[in-house]
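Student: I would like to learn how to read a model like this one. Can we go through it feature by feature?

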Amino acid sequence: MMPNQSSQHLNPRSPLVLDTKDLPRRPGAMRAVERSAPAPADLGLALVGVPRDAELDLKLRLESVSEGVLVSGRVTAPVRGECGRCLRPISDTVDVSIQELYAYEHSATVETTDEDEVGRLQGDLIDLEPALRNAVVLALPNHPLCREDCPGLCPRCGVPLDELPGDHRHEQVDPRWAALSKLKIPEE
Ligand SMILES: [Zn+2]
Ligand SMILES: [Zn+2]
């Protein structure tokens, strides 16, 4: 028998740990879990993410299947970030679905799959955090924008272009002319 890889201790009171002890190990048995949980740290990408301790809203269903427990449902969370073009703050909500199978310890599934393919129960406990993290991070935009057509910043003065008049321009001298203008013909 393969040794259990994920032997780190799970705290049943942790809000992202699901306890299945009330769920009969009979295929088809179900339990609904609705709870809110504080977001773990670093739930997101460089420019956008769920702030630490922000409220995650979990609406999940735990279902016994022959080799384990299928967790499915939705997670909603507030998102904060920065527009990749104009750097203005962004405030949004992410709403993702989760569907993840957790195999019983010592089941055939555990012995024939890798831990990153199929999750594992640890006793009666499920660590929801890795699946939740994947789902939320995948749902976040790689290039967050304050709005689809954000024009970004003026490359010369750094002011958002949509706060500037349409004819905003800087005294631009074409570098080729600038070079020429140094070649002053001496006036005599
Ligand atoms: Zn923007
Ligand atoms: Zn400018």
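Tutor: Yes. Keep in mind that this is a predicted model. Start with a residue and its exposure: Cys 157 is partly exposed, with a relative accessible area of 34%.

Student: What does Cys 157 coordinate, and with which partners?

Tutor: Cys 157 binds through SG to the zinc ion (ligand 2), together with Cys 154 (SG), His 168 (NE2) and His 170 (NE2), at 2.0 to 2.3 Å. Along the sequence these donor residues are spaced C-x2-C-x10-H-x1-H. Cys 157 and His 170 both lie in the loop between helix 2 (129–139) and helix 3 (175–182), so this pair ties together parts 13 residues apart in sequence. His 170 is partly exposed as well, at a relative accessible area of 24%.

Student: How do I judge the geometry of such a site?

Tutor: Look at the angles among the donors. For four tetrahedral donors the ideal angle is 109.5 degrees. At the zinc ion (ligand 2) the angles among the 4 donor atoms run from 102 to 114°, and the site is tetrahedral.

Student: Which residues coordinate the zinc ion (ligand 1)?

Tutor: Cys 83, Cys 86, Cys 146 and Cys 150 do, each through SG, at 2.3 Å. The site of the zinc ion (ligand 1) is tetrahedral too, with angles of 106 to 114°. Its donors follow the spacing C-x2-C-x59-C-x3-C along the chain.

Student: Are Cys 146 and Cys 150 buried or partly exposed?

Tutor: Cys 146 is partly exposed, with a relative accessible area of 31%, whereas Cys 150 counts as buried at 3%.

Student: Now a charged residue. Where is Arg 120, and what is the nearest side chain of opposite charge?

Tutor: Arg 120 sits in strand 8 (residues 119–120). To read such a case, check burial, then look for a salt bridge, which needs a separation within 4 Å. Arg 120 is buried but has no salt bridge; Glu 115, the nearest side chain of opposite charge, is 4.6 Å away.

Student: Which backbone oxygens does the side chain of Arg 120 reach?

Tutor: One is the backbone oxygen of Thr 113, at 2.8 Å. Another is that of Val 118, which lies 2.9 Å from a polar atom of the Arg 120 side chain.

Student: How many helices and strands does the chain have, and in what pattern?

Tutor: The chain has 3 helices and 9 strands, in the pattern β-β-β-β-β-β-β-α-β-β-α-α. Of its 188 residues, 34% count as buried. Among contacts between residues at least 6 apart in sequence, 58% join residues at least 24 apart.

Definitions and conventions: Residues are numbered from 1 along each chain as its sequence is written. Chains are lettered from A and ligands numbered from 1 in the order in which they are written. This is a predicted model: local features need pLDDT of at least 70, side-chain atom pairs count only at pLDDT 80 or more; totals for chains, interfaces and linings use all residues. Side-chain values use heavy atoms; hydrogens and water are left out. Donors are N, O and S atoms within 2.8 Å of the metal (3.2 Å for Na, K and Ca); water is not among the atoms, so sites may look incomplete. Four donors count as tetrahedral if all angles lie between 85 and 135 degrees; four count as square planar and six as octahedral if opposite donors are over 155 degrees apart and all others between 65 and 115; anything else is irregular. Helices (H or I, at least four residues) and strands (E, at least two) are DSSP runs, numbered from the N terminus. Buried means under 20% relative accessible area, exposed over 50%, partly exposed in between (1.4 Å probe, protein chains only). Lys and Arg count as positive and Asp and Glu as negative; His and the chain ends are not counted. A polar contact is a pair of N or O atoms within 3.5 Å; within protein, one must be able to donate a hydrogen and the other to accept it, and residues adjacent in sequence count only if both atoms are side-chain atoms. Contact means heavy atoms within 4.5 Å.
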